[in-house]
Amino acid sequence: MSTETISLKAFLGAAKQALTALPARRSLPLTFIVGNESADLDSLCSAVVLAYLRSHIEPRRLHIPLSNLPREDLDLRIELGPVLAKADLETSDLITLSDLPQIMEPKDTEWVLVDHNALTGDLRKYESRVVGCIDHHVDEGTVNTQAAPRVIETCGSCMSLVVDTYADAWRGLASGEQSTITTQHISQNLTQLAQVALAPILIDTINLTATAKVRPKDSRAAKLLETELMNDPNFDQQAYYDAVTAAKEDLSKLTLRDILRKDYKEWENSGIKLGISCAVQNFDFFLEKAASTSSGSGPDVLLREVHAWAQEQALDVVSIMTTSNPAGEFQRHLLVWGVTGAGRKAVQRFNEDTTDKLTLAQWNNGILDEQGVRYAWRQLALDSSRKQVAPLLRDAMKWAGSNL
């Protein structure tokens, strides 16, 4: 790849070309930057930005940003719209699992993980080829200690770690020292890149106001992006945050199944499989949605849809986590359902071990509960997102698996 600072659109076009080139014409392994399977804004943008930066640092090796989902699922990421627009991009410019070659041997690839530190699903066969990682989740110990970079630490947004780790590269691009094109084009391309990078930081930290989530690197990354890299006098951070948030929270056109699969991650421990769906609307919204799409009662329809989703994914434990801001008050709701016998053991253990830890209070008089099987709570420990709750559920699964 040329050392010139090119637009994101041109960069993604070059990455697509490299992906479709005949294996015999490749002198180096295909190097992928991939986010996690929930493919939220943080994962999608972090993969693109990190791939762009590393491709300029190592001009002989083009890094391919991979969106970890099938192409048809990109339509569910409505919040991508206002972000991609900042860089004159469309979802069709992104590279997805659907674009991978049918046959791709592990030895012909290298992988850098962002926003997760363990490959899952069909990509797990490439885990021996992971050469780097930047992530803000619990370290699962699968990434080699010699990987470079190997940054796994708590932060509001994974993108903040990407920006901070490559701060010198950002400044090098800004100074034009890696480019032979005009300062005007450098400025325009870098402004687009910086605005794409800023979006997940703002969303994940509620515009840098969520004191329980914001870390120094979040603030430092946002400041670098805004004060040193952007050359757009018309940029309004609050308006940008509001536009992306409005798109993210608009679930009106999605079915219940779409909402469950939009931000979904799964794990397996001790032969027990867990799936967690996150949504930016609360259980009241789910019940209203259910009632409006079927002649049955809201709770019955919702539980039927969730159970069907659990069966489709062959889950033992299905969970829904929500965030919402009714009347300006930030809230979290949590549903955990043991679908199988092993799953119920895990759910009972989770209920016993974590009710106090997460400050769980029965939601809506137990309208969605079934004792020993399924619980819906209002989660008052607001600083515990899926990053914190999933490991607790997985601990319960390990216990259940050893006591079957």
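Where is the place of Asn365, in the loop between which strands? In this predicted model, Asn365 is in the loop between strand 10 (360-362) and strand 11 (374-379). Its phi is near 60°, a positive value in a residue other than glycine. Most residues other than glycine have a negative phi, and most peptide bonds are trans. Asn365 counts as exposed, at 74% relative accessibility.

Ala327 also has a positive phi, of about 55°, although it is not a glycine. This residue lies in the loop between strand 8 (317-324) and strand 9 (331-338). With a relative accessible area of 89%, Ala327 is exposed. A further backbone feature is the cis peptide bond that joins Ala148 and Pro149, with omega about 0°. Pro149 belongs to the loop between strand 4 (130-135) and strand 5 (150-152).

The chain as a whole is divided into domain 1 (8-246) and domain 2 (256-402), and the C-alpha centres of the two domains lie 29 Å apart. The contact takes 15 residues from domain 1 and 14 residues from domain 2. About 1300 Å² is buried between the domains, and carbon and sulfur atoms give 51% of that area. On the domain 1 side, Glu37, Ser38 and Leu76 lose the most area to domain 2, together 35% of what that side buries.

Next come the interiors. In soluble globular proteins, nonpolar side chains tend to be buried together. Here the largest nonpolar core has 78 residues, and those with the most contacts inside it are Leu8, Phe32, Val49, Trp111, Ile134, Trp170 and Leu225. A second, separate core of 30 residues includes Leu303, Val318, Ile320 and Trp337. To return to Trp111: leaving aside neighbours within four places in sequence, its contacts include Phe32, Val34, Leu66, Met104 and Leu123, and also Arg129.

Trp337 has a further role in the picture, since the charged end of Arg374 sits over its ring, 4.5 Å from the centre. In another such arrangement, the charged end of Lys86 sits over the ring of Tyr240, 5.2 Å from the ring centre.

Rings also pair with one another: a search of the whole structure finds 10 aromatic pairs. One of them is the edge-to-face pair of Phe283 and Phe286, 6.3 Å centre to centre with 80° between the planes. Both residues lie in helix 10 (residues 283-293), 3 residues apart, about one turn of the helix. Phe283 and Phe286 are both buried. Ring pairs link these two residues with Phe285 and Trp363 into a cluster.

Methods:
Residues are numbered from 1 along each chain as its sequence is written. This is a predicted model: local features need pLDDT of at least 70, side-chain atom pairs count only at pLDDT 80 or more; totals for chains, interfaces and linings use all residues. Side-chain values use heavy atoms; hydrogens and water are left out. Rings of Phe, Tyr and Trp (its six-membered ring) pair if their centres lie within 6.5 Å; planes under 30 degrees apart count as stacked, over 60 as edge-to-face and the rest as tilted. Helices (H or I, at least four residues) and strands (E, at least two) are DSSP runs, numbered from the N terminus. Buried means under 20% relative accessible area, exposed over 50%, partly exposed in between (1.4 Å probe, protein chains only). A charge sits over a ring if NZ of Lys or CZ of Arg is within 6 Å of the ring centre and within 35 degrees of the ring normal. A nonpolar core is a set of buried Ala, Val, Leu, Ile, Met, Phe, Trp, Tyr and Cys residues joined through side-chain atoms within 4.5 Å. Contact means heavy atoms within 4.5 Å. Domain bounds come from an automatic or database domain assignment. Buried area is the accessible area (1.4 Å probe) that two parts lose on being put together, summed over both.
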